[in-house]
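Got your viewer open and your selection commands handy? Here is a short walk through the model, stop by stop.

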Amino acid sequence: MGASIGKGALIKLDDTTGTPVDLSSHLVDIKPTRQADSLETTVVGGVDPSKTHIPGLLDGESALSVLANATTRALINALFSARYTGTLEIGPDGSTSGLTKETVECFITKFDEGLTAGGLKKLDITLKYTGGYTVGAYA
């Protein structure tokens, strides 16, 4: 299987009315992260001095970078100001039937505007997940 570089990826984020906004043409980078808590279950004073753990609750966030323009600034400012929780939809290879579709409810915890050495203006956004991360396929 060949490497996927994200060309043709689909990224949608709900606006404050719950309407998905396609950010694909503004996308610079997205890094979804999912993790599980690690709960220590070590018995103190036991024969084995090694720590033991069990998996705990799931959590995650996405680091999203988009081109900074009037459209993206207005959307991100509105979502952040309203503390709105909406759906993030990721189609890593596009939205053709049968391709992977990932969705999660999230809200913005942080965003900032930066300027790269090449002059690219972008918004760096942190989206905190709330609830389950679903991986399915486009119908």
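## Stop one: the cavity

What you have loaded is a predicted model. The residues that line its largest cavity divide into seven nonpolar, one polar and one charged. To see them, select Leu-13, Asp-14, Leu-79, Tyr-84, Gly-86, Cys-106, Phe-107, Ile-108 and Leu-127. The space they line has a volume of about 50 Å³, and the structure holds one cavity of 30 Å³ or more.

Now colour by secondary structure. Strand E1 (10–14) and strand E6 (100–115) each supply at least two residues of this lining. The largest share, three residues, comes from E6.

## Stop two: helix H1

Leu-79 is part of the cavity lining, and it is also one of the buried residues of H1, so let's go there next. Select residues 70–82, which make up helix H1. Want a quick geometry check? Put a distance between the end C-alpha atoms: they are 18 Å apart, which agrees with the 18 Å that 13 residues should span at 1.5 Å a residue.

Which residues of H1 are buried? Show Thr-72, Leu-75, Ile-76 and Leu-79 as sticks, and you have them. Look down the axis: they cover an arc of only 90°, which puts them on the same side of H1. An α-helix has 3.6 residues a turn, so residues three or four places apart point the same way.

What do these buried residues pack against? Bring up E1, strand E2 (20–22), E4, E6 and strand E7 (121–129), and you will find the contacts there.

## Stop three: the second largest pocket

Next, select Arg-34, Gln-35, Leu-58, Asp-59, Gly-60, Val-104, Tyr-129, Thr-130, Gly-131, Gly-132 and Tyr-133, the lining of the second largest pocket. Strand E3 (27–40) and strand E4 (53–67) are the elements that give two or more residues to it. E4 gives the most, with three.

This pocket has a volume of about 170 Å³. Colour its lining by residue class and you get four nonpolar, five polar and two charged.

## Last stop: a loop

Finally, click on Thr-96, in the loop between strand E5 (86–91) and E6. Is Thr-96 buried or exposed? Its relative accessibility is 54%, and exposed means over 50%, so Thr-96 counts as exposed.

Before you close the session, draw one more distance, from Thr-96 to Thr-71. These two are 25 residues apart along the chain, and their C-alpha atoms are separated by 26 Å.

Definitions and conventions. Residues numbered from 1 in each chain as written. Predicted model: local features only at pLDDT ≥ 70, side-chain atom pairs only at ≥ 80, totals over all residues. Heavy atoms only, no water. 1 Å grid on protein atoms, 1.4 Å probe; cavity = no way out; pocket = protein on both sides within 12 Å on 5 of 7 lines; lining within 4 Å. Points joined across faces, edges and corners; volume = space filled by probe spheres on them. Helix = DSSP H or I, 4+ residues; strand = E, 2+ residues; numbered from the N terminus. Nonpolar A, V, L, I, M, F, W, Y, C, P; charged D, E, K, R; others polar. Expected span 1.5 Å × (residues − 1). Buried < 20%, exposed > 50% of the residue type's maximum accessible area, 1.4 Å probe, protein only. Arc of directions from axis to C-beta. Contact = heavy atoms within 4.5 Å.
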